[in-house]
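This report concerns the structure of a single protein chain, shown below. Please keep the sequence and the structure at hand while reading.

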Amino acid sequence: HLRDRVASNVAAGLAAELVDPAGARAIEPQLGTELTGAAWFPDEAQIDPPQLLRALVAAVARAGITVKSGVTVSSLHVERDACRGVVLDRGDILHADAVLLAAGSWSSLVPGVPKAVPAVRPVRGQLVQLEERPPRLSRIVFRAGGYVVPRGDGRIICGSTMEDVGHRREVTAAGVHAILGAAIRIAPALAQAEMSRVWCNFRPHASGGPLVGASPLAGLFLATGHHRNGILQAKITAEAAAASLLAA
């Protein structure tokens, strides 16, 4: 599997190489003794989603776009077989030439979405945040069953479960146990780190992959169903959705 991953990255012009245990520990000294080999992706990067969202909100405000917080869409507003806005929870209609559905794992719950649009269902993922100061772990590390993402300021995000339980927003003992077990196998020193936060959220899963572009209903466009890659594909999704909308 690692050989295939490295080969596909190299073929795409990306930096990647197989390393033996000694080479892997030279890159990340905190790795555990179970290691038998690894793949090294030196250009791998990360985004802190909450900070990205704050920056996006600020950029939207500077662009003069109105954001309605705390408002629920009761249904799509359909006129003459075309989506022409949304009905808000107070009964007001927000009229629009086009509507972009980007409601994540709740996309299929919006009344009025055509049945021909593939269903988007939630897949729960639990996460654990550890903290160690000064930080010792410095690299993102994946292994079968889990991953650790050091943020560089002492925070380490550990994840994650994949649970088909609907929209049950629960952090479970079994989930936390599995995540911590995987994290400590990756880097045994994390057993001494402080556990500062646990939480969960939902990945929007569509069986055929991401739903981006025009829908079967005129005036309704889609940007959802990215499963666990939404934040990674945000830019290309925004560009594709905008192009589809403006071309209509």
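The sections below treat the chain as a whole, its sheets, its salt bridges and a surface patch.

## Overall architecture

The model is predicted. The chain has 248 residues, of which 35% count as buried. Its secondary structure comprises 5 helices and 13 strands. The C-alpha trace spans about 65 × 40 × 35 Å along the principal axes.

The accessible surface amounts to about 14600 Å², and carbon and sulfur atoms contribute 57% of that area. Among contacts in the chain with a separation of 6 or more, 61% involve residues 24 or more positions apart.

## The five-stranded sheet

An open sheet of 5 strands has the order S8-S9-S10-S7-S11, with antiparallel pairing. Strand S8 (141–143) and strand S11 (194–206) are at the edges; each has a single partner strand, so one side of each has no neighbour in the sheet. From one strand to the next, the twist averages 20°. Helix H4 (residues 173–186) lies across S7, S8, strand S9 (146–150), strand S10 (155–159) and S11, and runs at about 55° to S7.

Strand S7 (residues 120–131) pairs with S11 over 12 bridges in the antiparallel sense, and with S10 over 5 bridges, also antiparallel. Leu127 takes part in both registers: this residue stands opposite Trp199 in S11 and opposite Gly159 in S10.

## Strand S10 and its hairpin

Is S10 covered on one face or on both? Both faces are covered. Arg155, Ile157 and Gly159 lie on one side, Ile156 and Cys158 lie on the other, and all of these residues are buried. The strand is accordingly described as mostly covered, with 5 of its 5 residues buried.

S9 and S10 pair in the antiparallel sense over 4 bridges, and Val149 stands opposite Ile157 in S10. The two strands, S9 and S10, form a hairpin with 4 residues between them. In the turn, Gly152 has a positive phi of about 95°.

## The three-stranded sheet

A further open sheet consists of 3 strands in the order S3-S4-S5, again with antiparallel pairing. Strand S3 (73–79) and strand S5 (93–95) occupy the edges; each has a single partner strand, so one side of each is left without a neighbour in the sheet. Neighbouring strands of this sheet are turned by 35° against each other on average, direction ignored.

S3 and strand S4 (residues 82–88) run antiparallel and are joined by 5 bridges. Within this pairing, Ser75 stands opposite Val87 in S4.

## Salt bridges

The model contains 12 salt bridges, counted where a side-chain nitrogen of Lys or Arg lies within 4 Å of a carboxyl oxygen of Asp or Glu. One of them joins Arg155 to Asp48, with 3.1 Å between the closest N and O atoms. Arg155 belongs to strand S10 and Asp48 to the loop between strand S2 (38–40) and helix H3 (49–62), so the pair ties together parts that are 107 residues apart in sequence. Both Arg155 and Asp48 are buried.

Arg133 and Glu131 form another salt bridge, their closest N and O atoms being 2.6 Å apart. The two partners are not alike in accessibility: Arg133 is exposed, with a relative accessible area of 59%, whereas Glu131 is buried, with a relative accessible area of 16%.

Lys235 forms a salt bridge with Glu239, and here the closest N and O atoms are 2.6 Å apart. Both residues lie in helix H5, 4 residues apart, about one turn of the helix. Lys235 is exposed at 61% relative accessible area, and Glu239 is partly exposed at 45%. Elsewhere, salt bridges that share partners join Asp48, Arg151, Asp153 and Arg155 into one network.

## A nonpolar surface patch

Which residues form a nonpolar patch on the surface? The patch consists of Ile47, Leu52, Ile231 and Leu232, which together have about 360 Å² of accessible area.

Ile231 is located in the loop between strand S13 (220–224) and helix H5 (234–247). With a relative accessibility of 37%, Ile231 counts as partly exposed, because that category covers values between the limits of 20% for buried and 50% for exposed.

How values were computed
Residues are numbered from 1 along each chain as its sequence is written. This is a predicted model: local features need pLDDT of at least 70, side-chain atom pairs count only at pLDDT 80 or more; totals for chains, interfaces and linings use all residues. Side-chain values use heavy atoms; hydrogens and water are left out. Patches are made of residues with over 30% relative accessible area and no salt bridge: like charges are joined within 9 Å, nonpolar side chains (Val, Leu, Ile, Met, Phe, Trp, Tyr) within 5 Å. Accessible areas come from the Shrake-Rupley method with a 1.4 Å probe; for residues, only the protein chains shown count as cover. Buried means under 20% relative accessible area, exposed over 50%, partly exposed in between (1.4 Å probe, protein chains only). Two strands pair if DSSP finds at least two bridges between them. Axes are lines fitted to C-alpha atoms, for helices over the stretch in contact, and angles run from 0 to 180 degrees between N-to-C directions. Contact means heavy atoms within 4.5 Å.
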